[in-house]
Amino acid sequence: MKDTTPIIMIILTLMIISTPEKQPIQLREYNNQICYDGDTCYITYKGKEERLRIKGIDTPEIRETNGYKAREYTNKILREATNITYKNIERDLYDRVLAEVYVNGVNIADMLIEKNLGRKWIRYD
């Protein structure tokens with residue numbers, strides 16, 4: 001009878017290596033919305049409920065022209081996404097979580113700009 005221990009160890013190692021790392025940020029709903037406006041979303045980060053400010057975009061405030069439209073577009077994209085990735089996670093002066101958000105490999109900020117629902121923004125203080 002053959003010793004299958006080495007084969008089992010290889011299989012277990014491959015399973016551990018190929019297991020996707022859990023994202024530190026999880027979207028959550030508040031009043032049936034994922035996002036407060038087009039560039040701010042409700043999240044759980046390291047076990048704490050917070051807001052995420054999407055890097056690279058400034059959308060209209062909710063009561064400004066296209067504010068609701070930007071929020072609905074961001075909510076729709078995130079609800080339909082099969083893969084959401086967060087990069088360059090940090091905090092701003094107001095202790096908000098900041099991150100680049102990619103939906104199915106595309107930067108969500110670029111998607112909003114392309115739809116004329118926001119402008120490029122790099123300053124968060």
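**Exercise 1. Classify Gly 105 as buried or exposed, and place it in the chain.**

Solution.
- Gly 105 has a relative accessibility of 61%. The cut-off for exposed is over 50%, so Gly 105 counts as exposed. This is a predicted model.
- Next, its location. Gly 105 sits in the loop that links strand 7 (97–103) with strand 8 (106–107).
- Then a distance across the chain. Ile 84 lies 21 residues from Gly 105 along the chain, and their C-alpha atoms are 7.8 Å apart.

**Exercise 2. Describe the hairpin formed by strand 7 and strand 8.**

Solution.
- Start with the pairing. The two strands are antiparallel and share 2 bridges.
- Pick one residue pair. Tyr 102 faces Asn 107 of strand 8.
- Now the turn. There are 2 residues between the strands, and Asn 104 in the turn shows a positive phi of about 50°.

**Exercise 3. Find which strands pair with strand 7 besides strand 8, and in what sense.**

Solution.
- Take strand 4 (residues 48–54). It runs parallel to strand 7, joined by 3 bridges. Ile 54 stands opposite Ala 99 of strand 7.
- Take strand 6 (residues 84–91). Its pairing with strand 7 is antiparallel, over 6 bridges. Tyr 86 has Val 101 as its bridge partner in strand 7.
- Check the connection. Strand 6 and strand 7 form a hairpin with 5 residues between them, where Asp 95 adopts a positive phi near 70°.

**Exercise 4. Work out how strand 7 is covered on its two faces.**

Solution.
- Count first. Of the 7 residues in strand 7, 7 are buried.
- Recall the general pattern. Side chains in a regular strand alternate between the two faces of the sheet.
- Assign the faces. One side carries Val 97, Ala 99, Val 101 and Val 103; the other carries Leu 98, Glu 100 and Tyr 102. Both sides are covered.
- Set this against the chain. Buried residues are 40% of its 125 residues.

**Exercise 5. Identify the elements that supply at least two residues each to the largest nonpolar core.**

Solution.
- Begin with the core itself. The largest nonpolar core holds 25 residues. Those with the most contacts inside it are Ile 25, Leu 52, Ile 54, Leu 78, Tyr 86, Val 101 and Ile 108.
- List the elements. Strand 3 (40–45), strand 4, helix 2 (67–80), strand 6, strand 7 and helix 3 (108–114) each give at least two residues to this core.
- Place them in the whole. The chain has 3 helices and 9 strands.
- Finish with contact range. Among contacts between residues at least 6 apart in sequence, 54% link residues at least 24 apart.

Technical notes:
Residues numbered from 1 in each chain as written. Predicted model: local features only at pLDDT ≥ 70, side-chain atom pairs only at ≥ 80, totals over all residues. Heavy atoms only, no water. Helix = DSSP H or I, 4+ residues; strand = E, 2+ residues; numbered from the N terminus. Buried < 20%, exposed > 50% of the residue type's maximum accessible area, 1.4 Å probe, protein only. Pairing = 2+ DSSP bridges. Core = buried A, V, L, I, M, F, W, Y, C linked by side-chain atoms within 4.5 Å. Contact = heavy atoms within 4.5 Å.
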